[in-house]
Amino acid sequence: GGNIVINLFCGPAVNAARGIAVQVNAAIHSFVTNFMTALNPQITKSYAAGDQKYLMTLLFQGARLSFYILLLLSLPVIINTHYILHLWLGQVPEHTVLFVQLVLIFGMCESISSPLITAMLATGKIRNYQIVVGGFQMMNLPISYVFLRLGAIPETVLIVAIAISQLCLATRLYMLRGLIGLKARDFIKKVYLNVIIVTALSSILPLVLSNLIDENFISFVLLCIVTLVSTLLIEFYVGCTLKERQFVISKVKTIIKKKYDKNK
């Protein structure tokens, strides 16, 4: 639907720019697919077994970790979008930079909902869910049409999609409260606000640095390194709980020990 209304009001050139953005997002999103593939059966199994505590752990940790993976991969691209597109395409089409950035933000927003969708499907009670959430998602087309008809910029289509994504997330939380006993307030506090804080803190240093240095290959490499290190540290020390940090450290030590023993 988004492609159709963009083509109607903005022409094929802008549609091509959106197509490039979707390609970039698909390449990055593929990295989180394996994580969700491993997580989804566990969510279904824990619901079927009636293990409420483990199910909540999977939903909360799965939402945060899938977002963290995408943030780690997406933030360097968002910070360096223009230079990356310049290296890839030579001449960057108009609107492409903002399209790429908004598509990546949309993908991160959707990643929070992925475990919730799996939990909803596990209940088998999806009629009302599909009607309400599906109805909200279908509103993307008429709302985008109205905005573009009024002269809004092409990127409005993605801004509307992001807004509707958040509305759908709120709806899923409300519905799952009655179906599986999910506490929406806890989810907002431990997941939603958590990822917002992590994203904000991770972005400060890279954004400041990007405004201080010129756009070239050396600065691109430097910005990528700074962004990755900053994001990893913030995710580890701010985004993870003490138990999760201890788990990660123990796993890293085990991997290092295995490699050391193998080399011996």
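**Exercise 1. In this predicted model, work out which residues L223 touches once its neighbours within four places in sequence are set aside.**

Solution. Start by finding L223: look in helix α10. Now drop the residues within four places in sequence and list what is left in contact: I79, N80, P206, L209, S210 and I213. Take I79 from that list and check the backbone. L223 and I79 are 144 residues apart in sequence, yet their C-alpha atoms are 8.0 Å apart in space. Last step, the burial label: the relative accessible area of L223 is 6%, and buried means under 20%, so L223 counts as buried.

**Exercise 2. Decide whether A63 is buried or exposed, and list its contacts beyond four places in sequence.**

Solution. A63 belongs to helix α3. Its relative accessible area comes out at 0%, so A63 is buried. Next, gather the contacts, skipping residues up to four places away: L58, S111, I112, P115, F187 and V191. For a sense of distance, pick Y47: A63 and Y47 lie 16 residues apart in sequence, and their C-alpha atoms are 16 Å apart.

**Exercise 3. Find which residues touch the most other members of the largest nonpolar core, and which helix gives the most to it.**

Solution. First, the core itself: it has 61 residues, and the ones touching the most other members are L59, I112, I180, L182 and F187. Then ask where the members come from. At least two residues each are supplied by α1 (2–10), α2 (12–49), α3 (52–79), α5, α6 (127–138), α8 (156–180), α9 (184–212) and α10 (217–239). Of the helices, α3 gives the most, with 14 residues. Now zoom in on L182. Leaving out its neighbours within four places in sequence, L182 contacts M56, L59, F60, L116, L173, L176 and R177.

**Exercise 4. Describe how α4 and α5 pack, and sort the residues at their contact by type.**

Solution. Begin with the geometry. Helix α4 (residues 81–89) packs against helix α5 (residues 96–123) at an angle of about 115°, and their axes are 9 Å apart. The crossing of α4 past α5 is right-handed. Next, name the residues: from α4 you have T81, H82 and L85, and across from them in α5 sit T96, V97, V100 and Q101. Sorting this contact gives three nonpolar, four polar and no charged residues.

**Exercise 5. Say how I105 is classed by accessibility, and what it touches beyond four places in sequence.**

Solution. I105 is part of helix α5. Its relative accessibility is 31%, so the label is partly exposed. Take away the neighbours within four places in sequence, and I105 is in contact with I78 and I162. As a check on distance along the chain versus distance in space, try N25: it is 80 residues from I105 along the chain, with 9.4 Å between their C-alpha atoms.

**Exercise 6. Find which backbone oxygen the side chain of N194 reaches, and at what distance.**

Solution. Go to helix α9, where N194 sits. N194 has a relative accessible area of 15%, so it goes down as buried. List its contacts, minus neighbours within four places in sequence: R64, Y68, K189, V238 and G239. G239 is the one to look at here, as the N194 side chain reaches the backbone oxygen of G239 at 3.5 Å. For a different pairing, compare K257: N194 and K257 are 63 residues apart along the chain, and their C-alpha atoms are separated by 32 Å.

Conventions: Residues are numbered from 1 along each chain as its sequence is written. This is a predicted model: local features need pLDDT of at least 70, side-chain atom pairs count only at pLDDT 80 or more; totals for chains, interfaces and linings use all residues. Side-chain values use heavy atoms; hydrogens and water are left out. Axes are lines fitted to C-alpha atoms, for helices over the stretch in contact, and angles run from 0 to 180 degrees between N-to-C directions. Helices (H or I, at least four residues) and strands (E, at least two) are DSSP runs, numbered from the N terminus. A crossing is left-handed if the near helix is turned anticlockwise from the far one by less than a right angle, and right-handed if clockwise. Contact means heavy atoms within 4.5 Å. Ala, Val, Leu, Ile, Met, Phe, Trp, Tyr, Cys and Pro count as nonpolar, Asp, Glu, Lys and Arg as charged, and the others, Gly among them, as polar. A nonpolar core is a set of buried Ala, Val, Leu, Ile, Met, Phe, Trp, Tyr and Cys residues joined through side-chain atoms within 4.5 Å. Buried means under 20% relative accessible area, exposed over 50%, partly exposed in between (1.4 Å probe, protein chains only). A polar contact is a pair of N or O atoms within 3.5 Å; within protein, one must be able to donate a hydrogen and the other to accept it, and residues adjacent in sequence count only if both atoms are side-chain atoms.
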